[in-house]
Amino acid sequence: MTADLSEAFSFPPQPDPDADSRGFWAATAEGRLAMCRCQSCGLWLQPPLERCRVCAGPTEFEDVAGTGTVYTFIVQRQAAVAGYLDKVPYVVGLIELDEQLGLRLPGRIVGVEPGEVVCGLRVQAELVDLPGGEYRVPVFRPLGAE
Ligand SMILES: [Zn+2]
């Protein structure tokens with residue numbers, strides 16, 4: 001049996017949901033961005049955990065607004081990730097969501113030239129299809145940009 005490696009390497013890596021992250025991917029599939037939150041003390045947890053790291057309370061995924069600020073970012077200039085080989089340069093940011101200081105989610109920053117991205121830039125999440133599978137992933141677009 002021969003595998004078609006050219007196809008295998010033409011798509012980005014796919015998520016591999018586990019017990020802790022399944023709720024995140026279930027939400028994105030329904031068009032929602034949701035993060036793990038303690039049901040006892042209200043703390044948002046990223047990465048998601050079965051139990052709160054502060055009070056050991058149970059956690060659930062709750063919707064977030066998807067707005068936040070660019071905490072930090074890189075400009076990817078080398079074609080290194082399958083599915084994005086022809087997309088360089090592009091920006092990958094770590095976005096601090098408005099719900100809680102330190103609640104950060106990585107994602108591509110779209111709709112802006114790489115040289116115009118700065119820390120503190122206000123952004124809004126949107127969900128896009130991840131090529132090569134069934135998943136949707138958040139990307140972030142500057143607020144007010146089309
Ligand atoms: Zn808690």
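This report describes the fold, the domain contact, four buried residues and the salt bridges of one protein chain.

## Overall architecture

The model is predicted, and its protein chain contains 2 helices and 8 strands. Read from the N terminus, these elements follow the order α-α-β-β-β-β-β-β-β-β. Along the principal axes, the C-alpha atoms of the protein chain occupy a box of roughly 50 × 45 × 25 Å. Of the 146 residues in the protein chain, 36% are buried. When contacts between residues at least 6 apart in sequence are considered, 53% of them join residues at least 24 apart.

## The contact between the two domains

The protein chain is divided into domain 1, covering residues 15-63, and domain 2, covering residues 66-146, and the C-alpha centres of these two domains are 20 Å apart. To the contact, domain 1 contributes 15 residues and domain 2 contributes 14 residues. Between them the domains bury about 1,200 Å², with 75% of that area on carbon and sulfur atoms. There are 0 salt bridges between domain 1 and domain 2, while 2 residue pairs, both at pLDDT 80 or more, are in polar contact across the two domains. On the side of domain 1 that touches domain 2, the elements that supply two or more residues are helix 2 (22-29) and strand 2 (44-45), and helix 2 gives the largest share, with 4 residues. By residue class, this side of domain 1 divides into 10 nonpolar, 4 polar and 1 charged.

## Four buried residues

Ser 21 is placed in the loop between helix 1 (5-8) and helix 2, and because its relative accessibility is 16%, Ser 21 counts as buried. Apart from neighbours within four places in sequence, Ser 21 is in contact with Pro 48 and Phe 61.

Leu 33 belongs to the loop between helix 2 and strand 1 (34-38) and is buried, its relative accessible area being 8%. When residues up to four places away in sequence are not counted, the residues that Leu 33 touches include Phe 24, Asp 63, Gly 66, Leu 105, Leu 127 and Pro 138. The C-alpha atoms of Leu 33 and Leu 97, which are 64 residues apart along the chain, are separated by 11 Å.

Thr 59 is part of strand 3 (residues 59-63) and counts as buried at 15% relative accessibility. A polar atom of the side chain of Thr 59 lies 2.6 Å from the backbone oxygen of Leu 49, and a polar atom of this side chain lies 3.2 Å from the backbone oxygen of Glu 50. Leu 49 and Glu 50 are also among the residues in contact with Thr 59 once neighbours within four places in sequence are left aside, and the list further includes Cys 36, Cys 38, Leu 45 and Cys 52.

Val 123 sits in strand 7 (residues 122-129) and is buried, with a relative accessible area of 0%. Not counting residues up to four places away in sequence, Val 123 touches residues including Gly 66, Val 70, Ile 95, Phe 140, Arg 141 and Leu 143. In contrast to this set of contacts, Ala 56 is 67 residues from Val 123 along the chain, and the C-alpha atoms of the two are separated by 32 Å.

## Salt bridges

The structure holds 8 salt bridges, and three of the side-chain pairs are listed here.

| Pair | N to O distance |
|---|---|
| Asp 98 and Arg 122 | 2.8 Å |
| Arg 141 and Glu 126 | 3.0 Å |
| Asp 129 and Arg 136 | 3.6 Å |

In the salt bridge between Asp 98 and Arg 122, Asp 98 comes from the loop between strand 5 (90-97) and strand 6 (104-109) and Arg 122 from strand 7, so that the pair links distant parts of the chain, 24 residues apart. Asp 98 is partly exposed, with a relative accessible area of 40%, and Arg 122 is likewise partly exposed, at 34% relative accessibility.

For the salt bridge between Arg 141 and Glu 126, Arg 141 lies in strand 8 (residues 136-142) and Glu 126 in strand 7, so the pair ties together parts that are 15 residues apart in sequence. Glu 126 is partly exposed, at a relative accessible area of 29%.

In the pair formed by Asp 129 and Arg 136, Asp 129 is exposed, with a relative accessible area of 60%, whereas Arg 136 counts as partly exposed at 26% relative accessibility. Elsewhere, Glu 30, Arg 32 and Asp 63 are linked in a network of salt bridges.

Definitions and conventions
Residues numbered from 1 in each chain as written. Predicted model: local features only at pLDDT ≥ 70, side-chain atom pairs only at ≥ 80, totals over all residues. Heavy atoms only, no water. Domains from an automatic or database assignment. Contact = heavy atoms within 4.5 Å. Buried area = accessible area lost by both parts, 1.4 Å probe. Salt bridge = Lys/Arg side-chain N within 4 Å of Asp/Glu carboxyl O. Polar contact = N/O pair within 3.5 Å; in protein donor to acceptor, adjacent residues only side chain to side chain. Nonpolar A, V, L, I, M, F, W, Y, C, P; charged D, E, K, R; others polar. Buried < 20%, exposed > 50% of the residue type's maximum accessible area, 1.4 Å probe, protein only.
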